[in-house]
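Reader: Please show me the chain and its model, and then let us examine the fold, the core and the side-chain pairs in turn.

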Amino acid sequence: MLNVKLIAHTPDPERVVAAAAKLCYSASGVEALMEGLTPEKSRTFLSMLADLGHASPTEHASFTFAVEGVSRALLAQLTRHRIASYSVQSQRYVRLDDFRFVTPPEVEADPAAREAFLRAMEEEAAHYLNIARVLQDKHRTELLAQGLSEGEAAAKAEKLANEDARFVLPNACETKLAVTMNARSLHNFFAIRCCNRAQWEIRALAEEMYKLVYAVAPGLFETAGPSCVKGPCPEGRMSCGRAQQVREKYQALRDGL
C-alpha cells in the first residue's frame with residue numbers, strides 16, 4: 001500500500017523563496033534580506049513571482065519524501081524527473097524473502113486477471129528465491145576455497161547471488177525510496193503527474209506529495225497541480241475533457257488542508 005511521508009524540508013520555505021526574490025527586485029543587502037518578511041509579505045512576493053513567471057527563486061526551497069509501497073514500474077517513471085535526488089532500496093543488498101508486489105486496480109477488479117496475476121507473482125517469487133539460493137551455494141563454496149572465513153564467504157556470496165537473481169523480478173515488485181525535489185521541480189512534477197492522463201500509480205503518488213507540501217507551504221504551491229488548474233489544458237486532442245472537474249477537485253483539496 002502506498003505510504004508517503006514528508007520527512008524534511010527547508011525551514012520556513014516561503015520566507016526563503018521570498019528572500020531570494022527580494023534580492024532580485026530590491027536594493028536590500030544580504031544583512032537585511034530577511035528583515036520585514038512577514039508571512040503576509042512573503043506571500044506577496046510569491047504571488048508576484050507567479051504573475052511574472054519567475055520560477056528560479058523557488059529552487060531555493062527543497063522537500064524530502066520517504067515513499068514505500070510503490071512498484072519498480074513507478075520508479076522507472078519517477079526517475080525521469082532528473083532535477084531531483086533519489087535513494088532506492090537496493091536489490092543487491094536486500095534479499096526479498098518477503099516478496100511484495102503492487103497489483104494494478106484493473107487487475108484487482110477482474111477475478112480472472114487477478115488469479116492469473118497472483119499466480120504469476122507466486123511463480124516469480126519462487127524462481128527468484130531458487131536462483132538466489134543456488135547461486136549463493138555456488139559462490140560460498142568458491143569463496144571458501146579462496147580462503148575466506150565462513151562469515152565473509154556467506155555475506156559476499158549472498159550479495160553476489162542477489163545481483164543476478166534480481167533479473168527475474170517483475171515490474172510489480174515493491175520498492176522503497178527517498179526523493180528530494182525543490183519547489184520548482186515539484187511544480188513541474190505535479191503539472192505532469194497529477195494530470196488525469198498520468199499513469200494511475202504515479203498520479204496517486206503525486207497527489208499525496210502535493211497534499212503534504214501544500215500543507216506546509218500553501219503560498220508556494222497555490223498554483224501547483226495539473227496544468228489545467230492554472231490555465232488551459234495543454235493535452236490538445238488527448239485531453240481528458242474534464243478540466244473543470246479537475247479544478248474543482250484541487251480547490252476542494254486545498255480547502256480541506
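The questions and answers below concern this predicted model.

Reader: What pattern of helices and strands does the chain follow along its sequence?

Author: The predicted chain contains nine helices and four strands. Read from the beginning of the sequence, these elements give the pattern β-α-α-β-α-β-α-α-α-β-α-α-α.

Reader: Is the chain a compact globule or more spread out, and what is its radius of gyration?

Author: The C-alpha trace spans about 70 × 50 × 30 Å along its principal axes. For 257 residues the globule rule gives 18 Å, and the chain lies well over that value, so it is more spread out than a compact globule. The radius of gyration is 24 Å.

Reader: What share of the contacts with a separation of 6 or more comes from residues 24 or more positions apart?

Author: Contacts here are counted between residues with a separation of 6 or more in the chain. Within that set, the part that joins residues 24 or more positions apart is 76%.

Reader: Which helix gives the most residues to the largest nonpolar core?

Author: The largest nonpolar core has 44 residues, and Phe63, Phe65, Leu186, Phe190, Leu220 and Phe221 have the most contacts inside it. Elements that give two or more residues to this core include strand E2 (62-71), strand E4 (174-182), helix H7 (183-193) and helix H8 (200-216). With seven residues, the element that gives the most is H8.

Reader: How many residues does the second, separate core have?

Author: This second core is separate from the largest one, and Ala125, Leu129, Leu169 and Ala172 are among its members. Its number of residues is 13.

Reader: Why does the pair of Phe63 and Phe221 count as edge-to-face, and at what angle are the planes?

Author: The whole structure holds eight aromatic pairs. In the pair of Phe63 and Phe221, the ring centres are 5.4 Å apart. Planes over 60 degrees apart count as edge-to-face. The pair meets that condition because its planes are at 70°.

Reader: How many residues apart in sequence are the parts that Phe63 and Phe221 tie together?

Author: Both Phe63 and Phe221 are buried. Phe63 lies in strand E2, whereas Phe221 lies in the loop between H8 and H9. The pair therefore ties together parts of the chain whose separation in sequence is 158 residues.

Reader: At what distance, centre to centre, do Phe190 and Phe221 form an aromatic pair?

Author: Phe221 touches several residues, including Phe63, Leu186, Phe190 and Tyr210. Phe190 lies in helix H7 and Phe221 in the loop between H8 and H9, so this pair ties together parts that are 31 residues apart in sequence. Phe190 counts as buried at 0% relative accessibility, and Phe221 is buried with a relative accessible area of 0%. The pair is edge-to-face, with 70° between the planes, and the distance from centre to centre is 6.2 Å.

Reader: Which residues do ring pairs link into a cluster?

Author: Phe63 and Phe221 form one ring pair, and Phe190 and Phe221 form another. Ring pairs link these residues with others into a cluster, whose members are Phe63, Phe189, Phe190, Tyr210, Tyr214, Phe221 and Tyr250.

Reader: Which residue forms a salt bridge with Arg197?

Author: The structure has 12 salt bridges. The partner of Arg197 is in the loop between H8 and H9, 38 residues away from Arg197, which is in the loop between H7 and H8. Arg197 is partly exposed at 40% relative accessible area, and its partner is partly exposed at 28%. The closest N and O atoms are 2.7 Å apart, and the partner is Glu235.

Reader: How far apart are the closest N and O atoms of Arg119 and Glu115?

Author: Both residues lie in helix H5, where Arg119 and Glu115 are four residues apart, about one turn of the helix. Residues three or four places apart point the same way because an α-helix has 3.6 residues a turn. Arg119 is partly exposed, with a relative accessible area of 42%, while Glu115 is exposed at 51%. The closest N and O atoms of this salt bridge lie at a distance of 3.8 Å.

Reader: Against which helix do the buried residues of H6 pack?

Author: H6 has 16 residues and reaches 22 Å from its first C-alpha to its last. Its buried residues are Ala153, Ala157, Ala161, Asn162, Glu163 and Ala165. The buried residues of H6 pack against helix H5.

Definitions and conventions. Residues numbered from 1 in each chain as written. Predicted model: local features only at pLDDT ≥ 70, side-chain atom pairs only at ≥ 80, totals over all residues. Heavy atoms only, no water. Expected span 1.5 Å × (residues − 1). Buried < 20%, exposed > 50% of the residue type's maximum accessible area, 1.4 Å probe, protein only. Contact = heavy atoms within 4.5 Å. Core = buried A, V, L, I, M, F, W, Y, C linked by side-chain atoms within 4.5 Å. Salt bridge = Lys/Arg side-chain N within 4 Å of Asp/Glu carboxyl O. Phe/Tyr/Trp six-rings, centres within 6.5 Å; stacked < 30°, edge-to-face > 60°. Rg over C-alpha atoms; globule rule 2.2 N^0.38 Å.
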